[in-house]
Amino acid sequence: GSYNGLVSMFDTRKGPNPAEISIIEKSHRDPVYDIAWLTGKTAYECASTSTDGQVLWWDIRRPEPSDSLALEDKTPGNEGRTMGGVSMEYSAAAGPTKFLVGTEQGKVVSCNRKAKNPSDRIGTIYEGHCGPVYALQRNVFFPKYFLTIGDWTVRGK
């Protein structure tokens, strides 16, 4: 992920230059803060998040995203406000379509990529920090629990 919002894919067998670069019009509008590989049917899928308030899914064989999700706040009083993504956690133990996004607003958003209704793709929003959630990680033994790092503290849910 790049500062200009592009996502570059490298194949080290082909040299040090990117094998594929995303199309600027279809990429993030802010810096890409985190990218996660997805466990699935193929080894070609990843997801990226940015402070532009989007999660984009990529098939690295194509230069444009295959799917997108707008990170909109659903908490009372903040409905519809865009939250910028800073960190992301995909874990096969939590399910192949479930993931967490840490935001620059200090919240952690639980998401489901394949929810039946598009409005249900954003699930629980956890309040956690006074500033950006710079890192988050699930417990490998109990995937419903996770740790976050932000505002000089570590917190668990």
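Colleague: In this predicted model, which residue of β12 does Arg-138 stand opposite?

Modeller: Strands of a sheet pair through backbone hydrogen bonds, either parallel or antiparallel. Here β11 and β12 run antiparallel and are joined by 5 bridges. Across from Arg-138, the residue in β12 is Phe-146.

Colleague: What is the order of the strands in the open sheet?

Modeller: The sheet has 3 strands, and their pairing is antiparallel. At the edges are β11 (133-138) and β13 (153-156), each of which pairs on one side only. Direction ignored, neighbouring strands are turned by 20° against each other on average. The order is β11-β12-β13.

Colleague: Which residue of β13 stands opposite Thr-148?

Modeller: Strand β12 covers residues 146-150. Between β12 and β13, which run antiparallel, there are 4 bridges. Opposite Thr-148, the residue in β13 is Arg-155.

Colleague: Which residue in the turn of the β12 and β13 hairpin has a positive phi?

Modeller: The hairpin leaves 2 residues between β12 and β13. One residue in that turn has a phi of about 40°, and this is Asp-151.

Colleague: Is Cys-46 buried or exposed?

Modeller: Cys-46 is found in strand β4, which covers residues 45-50. Leaving aside residues up to four places away in sequence, Cys-46 touches several others, among them Ile-35, Trp-37, Leu-56 and Trp-58. The relative accessible area of Cys-46 is 4%, and buried means under 20%, so Cys-46 is buried.

Colleague: How far apart in space are Cys-46 and Glu-79?

Modeller: In sequence, Cys-46 and Glu-79 are 33 residues apart. In space, taken from C-alpha to C-alpha, the distance is 28 Å.

Colleague: Why does Cys-46 form no bond with the closest cysteine sulfur?

Modeller: A disulfide is a covalent bond between the sulfur atoms of two cysteines. The cut-off for the two sulfur atoms is within 2.5 Å. The closest cysteine sulfur to that of Cys-46 is in Cys-111, and the two are too far apart for a bond because the distance is 16 Å.

Colleague: How many disulfides does the structure hold?

Modeller: For Cys-46, the closest cysteine sulfur is too far for a bond. For the structure, the number of disulfides is 0.

Colleague: Is Cys-130 buried or exposed?

Modeller: The relative accessibility of Cys-130 is 78%. A residue counts as exposed over 50%, so Cys-130 is exposed.

Notes:
Residues numbered from 1 in each chain as written. Predicted model: local features only at pLDDT ≥ 70, side-chain atom pairs only at ≥ 80, totals over all residues. Heavy atoms only, no water. Buried < 20%, exposed > 50% of the residue type's maximum accessible area, 1.4 Å probe, protein only. Contact = heavy atoms within 4.5 Å. Pairing = 2+ DSSP bridges. Axes fitted to C-alpha atoms, helices over the stretch in contact; angles between N-to-C directions.
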